[in-house]
Amino acid sequence: MQIAVRRGDSLWKYSQLFHMPLQLLIDSNRSIDTQSLQIGQSLQIPGYYAQSYVVKPGDSLWAIASRYQVGLEQLAHINGHSGNTMLQVGETLVLPMRVEQLVAGTSRSYTSSVLKEEVARLVQVYPFIAQETIGSSVMGKPIISLKIGNGNKQVHANASIHANEWITTPILLRFLNEYARALTLGMPVQGLPALPLYLSTKLLAVPMLNPDGVDLVIEGPPEEEPYRSSVLDINGGSHQFSGWKANIRGVDLNKQFPALWERDAVKGPQAPAPRDYSGTAPLTEPEVQALAKFTENHDFAHVLAFHTQGKVIYWGFEQFEPPYAKQIAEEFARVSGYEAIQNVDSTAGYKDWFIMKWRKPGFTIEFGSGVNPLPLEQFDEIYGAALGIMLAALYE
């Protein structure tokens, strides 16, 4: 919600008036000098939306505040009134309404367009979440990063590296929404206080690394050439793309990282395919290049890659992982009910590369069970496991 600064206002005053942690107000207004507010300046108040109200005969500020369950001081201040002001019939007031419902991470088919729409709502309601475009897909679709938190520790999570595992995107968005809502409402998240976590840890999330592939699985082949002809050729002429894991060029993005890539490349297809083709070399695909550069530009304590299916947590790679990675993996297993597995016959994945290059913990989380793409009926069950894992990842 946007409000206009009035004489004598400060962020501390707004923090008290709207029952909002001061740091959230600071982080919601990055583009202005919050130490020196100017009269008339527009200020963002997270976790609220503005509702218009036209004054009727017999109305008073107190009666309106009581009827709509808004704070009398809030209502008076943002409308430039004192508590006993006589209102004019026909006057339009702004009501500061708390946002209590989820605005993102809905359980539905989650294309790149849906992601764009829901991210826009999320950062509008919670402007302390910082949005960044870290790169583009083969077809030029933006790869979005969302940052929440103000601490020195940095944790990363990504989703939809594989196209037909797109359910991981709304799962990650749902967590971001629930976390942001808890911060503004002063609520815990699954019994854990949200604000201390925000002040200690930054979460940087990439909710959809493979937007072209996700759209292909959900919507079918694109109209644009040469992509349409290419994917139909790779898919054997079939318009059914439910088994497609790769990007739009038929390269498996989780087999593109320089972590024993040569070993992986000889195992799978030797030409573009719906899945398992490692490409002609590591890091050839723009989506992977974007994630690699993003990772190199940050000092992540540990990283999580969201996949489906299997209800397992993979946490090792060729003995490069640090000893304490096991402790974190076991905690993930405890809170999710999943099985923690140290080693698997896999190379060239994102978590493999992270572990090998930085000698820090990296985790591949395989949510749910069945055949990809997993049905939305599993959404709530998967989210329950993801919520525990995400909170443990931020607190560890």
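**Exercises on a predicted model**

N235 is buried, with a relative accessible area of 16%. The model is a predicted one, and the exercises below start from this residue.

**Exercise 1.** Determine where N235 is found and which residues it is in contact with, leaving aside its neighbours within four places in sequence.

*Solution.* Step 1: buried means under 20% relative accessible area, and N235, at 16%, is buried. Step 2: N235 lies in the loop that runs between α9 (227-234) and α10 (261-265). Step 3: with neighbours within four places in sequence set aside, the contacts of N235 are Q240, F241, W244 and P274.

**Exercise 2.** Establish how the buried residues of α12 are arranged around its axis, and what they pack against.

*Solution.* Step 1: helix α12 covers residues 325-336, 12 residues in total, and spans 17 Å from its first C-alpha to its last, close to the expected 16 Å. Step 2: its buried residues are A325, I328, A329, F332, A333 and S336. Viewed down the axis of α12, these buried residues fall within an arc of 140°, and therefore line one face of the helix. Step 3: the spacing can be related to a general rule. An α-helix has 3.6 residues a turn, so residues three or four places apart point the same way. Step 4: the face turned away from the buried side of α12 bears the exposed residues Q327 and R334. Step 5: the partners of the buried residues of α12 are the strands β11 (300-308), β12 (312-314), β13 (339-341) and β14 (362-367), together with helix α14 (379-395). Step 6: just after α12, G337 adopts a positive phi of about 80°.

**Exercise 3.** Identify the residues with the most contacts inside the largest nonpolar core, and the element that supplies its largest share.

*Solution.* Step 1: the largest nonpolar core contains 91 residues, and Y14, F18, I148, Y179, L304, F332 and I365 have the most contacts inside it. Step 2: α14 provides the largest share of this core, 12 residues. Step 3: a second, separate core has 22 residues, among them L204, A259, A292 and F354. Step 4: F332, listed in the largest core, is also one of the buried residues of α12.

**Exercise 4.** Describe the packing of α11 against α13.

*Solution.* Step 1: two packed helices are described by the angle between their axes and the distance between the axes. Step 2: for α11 (residues 286-296) and α13 (residues 350-358), the angle is about 35° and the axes are 12 Å apart. Step 3: the crossing of α11 past α13 is right-handed. Step 4: L291, A292, T295 and E296 of α11 meet Y350, W353, F354, K357 and W358 of α13. A292 and F354 also belong to the second core.

How values were computed
Residues are numbered from 1 along each chain as its sequence is written. This is a predicted model: local features need pLDDT of at least 70, side-chain atom pairs count only at pLDDT 80 or more; totals for chains, interfaces and linings use all residues. Side-chain values use heavy atoms; hydrogens and water are left out. Helices (H or I, at least four residues) and strands (E, at least two) are DSSP runs, numbered from the N terminus. The expected span of a helix is 1.5 Å times one less than its number of residues. Buried means under 20% relative accessible area, exposed over 50%, partly exposed in between (1.4 Å probe, protein chains only). The arc is that of the directions from the helix axis to the C-beta atoms. Contact means heavy atoms within 4.5 Å. A nonpolar core is a set of buried Ala, Val, Leu, Ile, Met, Phe, Trp, Tyr and Cys residues joined through side-chain atoms within 4.5 Å. Axes are lines fitted to C-alpha atoms, for helices over the stretch in contact, and angles run from 0 to 180 degrees between N-to-C directions. A crossing is left-handed if the near helix is turned anticlockwise from the far one by less than a right angle, and right-handed if clockwise.
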